Amino acid sequence: MSTVIAVTGADLALPALDQYTPSALVLPAPAEQPLEQALAETSAVLEAIGHLVVLVPASLSREHRLRLHSVRSILESDRIALVEVDLPPLALALLAMQLRQISQYDLGSGVIASGARLLTHYLYTGAVLGSVAKLDRVAVGLRSHLKSWVPGVQFAVLANPNPHLVEIGDAARLPGPSYPTYLAVAAAPTIGDEWVRGRLVRDWNCQYLHEFPLPADSARWWGTAKLTEFAAYIPDVGVLYQLVSSVYRHQCRWCGRERLGERCEFCETAAQESEAGNRAHVVGVTQPESKAHHRAG
Ligand SMILES: [Zn+2]
């Protein structure tokens with residue numbers, strides 16, 4: 001293992017699914033952790049393991065983002081990748097979990113960092129909301145906007161991979177994954193999760209339902225405290241490994257690391273013109289198939 005995954009809040013570091021899953025480093029907001037402690041913990045990880053991949057939520061505060069950049073520049077480290085992820089909090093925590101799962105394989109730090117973008121495509125994530133009046137991260141039609149002022153009306157919203165919004169009723173359906181998944185659910189006490197537990201689990205054919213506490217940032221992300229967040233995810237590490245390892249790899253001209261797709265997450269350079277010939281092989285989304293395991297020794 002050469003790479004540790006870091007998240008920006010303790011509630012984004014989900015409990016490990018099995019004894020093989022490495023834990024995550026937590027780099028909380030400046031108000032919650034002195035800079036010296038963040039530097040000490042980060043440099044200890046770099047020294048012991050080698051590389052750090054930090055998942056940076058697109059909705060992260062300016063101060064918190066500055067803190068991450070400070071840590072990287074003070075440590076003068078080209079072994080820290082700050083990977084921007086635009087997912088709701090529960091899905092981001094699951095993505096971090098999946099990267100932790102594949103980090104036990106010998107894939108290389110550049111491939112694991114760019115694997116974040118690839119695996120995001122396989123997370124079907126959304127929420128049931130009591131109001132969409134303040135939802136600004138998913139496009140909302142004017143009619144839904146007006147309806148959200150009517151008491152008792154609820155909406156089912158898909159944020160990723162493709163935005164979709166329906167009003168909850170007998171005919172309400174959300175497009176879901178076409179491969180085996182588990183469903184993660186995190187509900188606020190102010191709203192029921194019956195629709196997710198019933199309709200959605202059946203429609204999406206999820207094999208297992210896993211409950212989590214609602215992440216602290218979820219209400220801000222969705223624009224309401226009346227929410228049940230959900231995410232369908234691939235639980236099988238063999239399938240995740242296969243998805244990541246089957247994509248064509250480029251070698252970064254600057255740092256020499258292998259990566260998937262156009263962008264090196266460590267030195268933040270995009271593919272050079274001379275690599276244009278390989279662009280037919282950029283990250284592609286395929287259907288997961290077998291469950292072959294290749295656990296690294
Ligand atoms: Zn590079």
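Modeller: A residue counts as buried if 20 or more other C-beta atoms (placed from the backbone) lie within 10 Å of its own, exposed if 12 or fewer do, and partly exposed in between. This is a predicted model, where local features need pLDDT of at least 70, side-chain atom pairs count only at pLDDT 80 or more, and totals for chains, interfaces and linings use all residues. Residues are numbered from 1 along each chain as its sequence is written.

Biologist: OK, which residues of helix 2 are exposed?

Modeller: R62, E63, L66, H69 and S73 are, on the other side of helix 2 from its buried residues. Those buried ones are R67, L68 and V71.

Biologist: How do you know that the buried residues line one face of helix 2?

Modeller: Look down the axis: they fall within an arc of 95 degrees, so they line one face. The arc is taken from the directions from the helix axis to the C-beta atoms.

Biologist: What do they pack against?

Modeller: Helix 1 (35-48), strand 3 (51-57) and strand 4 (80-85).

Biologist: What makes the span of helix 2 close to the expected one?

Modeller: The rule is 1.5 Å times one less than the number of residues. Helix 2 (62-74) has 13 residues and reaches 18 Å from first C-alpha to last, close to the 18 Å expected. After helix 2 comes E76, with a positive phi near 45 degrees.

Biologist: And why does the radius of gyration of the chain agree with a compact globule?

Modeller: With 297 residues, such a globule would have one near 19 Å, and the chain has 20 Å, so that agrees. Buried residues make up 39% of the chain's 297.

Key. Helix = DSSP H or I, 4+ residues; strand = E, 2+ residues; numbered from the N terminus. Contact = placed C-beta atoms within 7 Å. Rg over C-alpha atoms; globule rule 2.2 N^0.38 Å.
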